[in-house]
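Q: I'm new to this one. Could you take me through a single part of it, slowly and closely?

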Amino acid sequence: MADRPDDLAWLPIHRLAPRIAAREIRPPELVEACLARIAALDPHLGAFAEVYRDEARLAADEADRLIRAGRYLGSLHGIPVALKDLIEIEGRRTTCGSLLLQDRRSSITATVVTRLRAAGAIVLGKTGMVEFAYGGWGTNASLGTPRNPWDPSIHRVPGGSSSGSGVAVAAGMVTAAIGSDTGGSIRIPASLCGIVGLKPTAGRVSLYGVVPLSRTLDSIGPMTRSVEDAALLLEVMAGPDAEDPLTAAAPAADVSPVLGAGVRGMRLALLPPRDRDGVDPDVLLAFDEAVAELVRAGAQVEPLALTEPLGDYAARAGIVMAPEAYAAHRDLVEREGARMDPHVRARFLAGARVGAADYLDALDHRRGSARAFIGALAGFDAFLTPTTPIVAIPVTEVDEGALPLSRFTRAVNYLGLCALALPCGFDRQGLPVSLQIVGRPFDEATVLRVGLAFERATRWHERRPPPAPIDQPVGGVGE
């Protein structure tokens with residue numbers, strides 16, 4: 001019996017790939033299934049900034065021709081992906097979620113796009129985001145805030161800044177998306193939207209052609225509906241790039257050999273008891289059950305002894321992030337009369353007030369903190385926390401001056417680590433809760449291994465959001 005188009009759109013990459021290779025599923029069928037869902041759902045959800053329908057169809061036809069000629073390129077061949085709208089494609093708009101850049105056309109193509117295309121992936125379009133990627137709630141006062149798909153009736157935050165990418169993947173409009181992460185911008189929307197998000201170590205994936213926020217803290221990674229899919233994308237995206245010197249020292253991202261090895265005999269560090277204060281009880285309940293599941297799978301667990309709360313690292317990350325963000329975008333930020341979200345502008349202007357000595361001191365402190373944290377992690381394979389301390393709240397309840405969502409995520413960027421976010425339960429309202437697995441620099445293989453072991457022991461990642469109504473448009477880009 002043939003797959004229904006709606007079913008095709010929900011299949012993960014690792015299940016699609018062998019069927020595409022065997023010619024049971026054709027790339028044009030898959031692309032049309034995704035485009036149909038975008039047309040039906042995005043007027044309500046508002047995840048996409050732009051959809052490349054014609055180009056995607058042409059690319060799907062070409063992928064089909066190559067596969068039928070016996071030239072299958074690998075697991076991403078014919079797979080539709082979406083890109084956060086700060087990733088450059090030559091000749092295409094790259095707006096960074098801002099009205100100020102609506103007419104901007106890219107003159108270069110990001111290395112990550114070149115690698116995805118070389119592997120046969122099909123770019124469906126660009127996804128919306130927090131303006132200039134500077135915010136964790138996922139709100140965008142200028143172009144509209146995507147709706148979290150887990151609540152059809154209340155407009156809840158999707159998490160940011162890769163908000164559109166999280167919504168698009170969670171709602172089955174695209175098989176996978178690429179986001180950026182400076183303080184949690186992949187993992188926060190992954191958490192609130194109930195999907196998988198991998199924040200690689202800085203330098204693992206080239207940032208050439210990615211509009212920066214903080215050159216020290218930025219990274220780019222996959223957002224998917226399964227851990228195995230995140231691993232497949234990482235292996236294609238990662239590697240040295242002459243255009244990004246930071247990638248020169250990165251080892252090969254060969255995660256496949258250990259991916260399915262399980263957690264038996266592994267030692268996992270837990271969020272210290274003091275860092276549980278203020279976390280939503282439903283989040284803690286799901287987190288504790290996730291830990292218990294890993295113990296049942298054979299892992300040993302023990303609280304991590306840290307000299308300071310994780311929130312302190314998060315605060316110091318801002319001292320690095322703010323001046324770098326201001327330096328990257330000051331011409332636009334200072335432009336008189338420019339239409340910019342006032343909350344985003346305020347974050348940028350805070351960076352202008354950080355003195356050079358304070359900034360350099362923050363970088364020095366960062367290096368010392370990273371050494372101390374990795375020392376505390378000695379003897380453990382990975383570190384477990386909730387991804388976010390709360391679930392998605394209504395947009396009407398957002399306090400733009402507060403940063404609760406990045407309480408556990410910012411520390412990862414600040415300390416130069418890698419981390420995986422994946423679904424681990426739901427609260428009493430039916431909203432997703434997420435587990436964060438943190439690893440040492442360039443140890444994505446371990447965090448993915450732990451994540452896959454948890455995913456295979458549970459079924460949280462298989463849950464789908466409820467159907468979205470069609471009478472509450474927010475301004476998406478359907479047909």
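A: Let's look at the place where two helices cross, and at what surrounds it.

First, the ground rules: this is a predicted model, where local features need pLDDT of at least 70, side-chain atom pairs count only at pLDDT 80 or more, and totals for chains, interfaces and linings use all residues. Residues are numbered from 1 along each chain as its sequence is written, and side-chain values use heavy atoms, leaving out hydrogens and water.

Our pair is helix H10 (residues 281-296) and helix H15 (residues 444-457), packed at about 95 degrees with axes 10 Å apart. Helices here are DSSP runs of H or I, at least four residues, numbered from the N terminus. Axes are lines fitted to C-alpha atoms over the stretch in contact, and angles run from 0 to 180 degrees between N-to-C directions. Since 65 to 115 degrees counts as roughly perpendicular, that word fits H10 and H15.

Who meets whom? On the H10 side you'll find Ala290, Glu293 and Leu294, and across from them in H15 sit Val450, Phe454 and Ala457; contact means heavy atoms within 4.5 Å. By class, that's five nonpolar residues, one charged and no polar.

H10 also holds Asp288, whose partner Arg276 lies in the loop between strand E7 (267-270) and H10. Asp288 and Arg276 form a salt bridge, their closest N and O atoms 2.9 Å apart; the cut-off is a side-chain nitrogen of Lys or Arg within 4 Å of a carboxyl oxygen of Asp or Glu.

Technical notes
Helix = DSSP H or I, 4+ residues; strand = E, 2+ residues; numbered from the N terminus. Parallel < 35°, antiparallel > 145°, perpendicular 65-115°, else oblique. Nonpolar A, V, L, I, M, F, W, Y, C, P; charged D, E, K, R; others polar.
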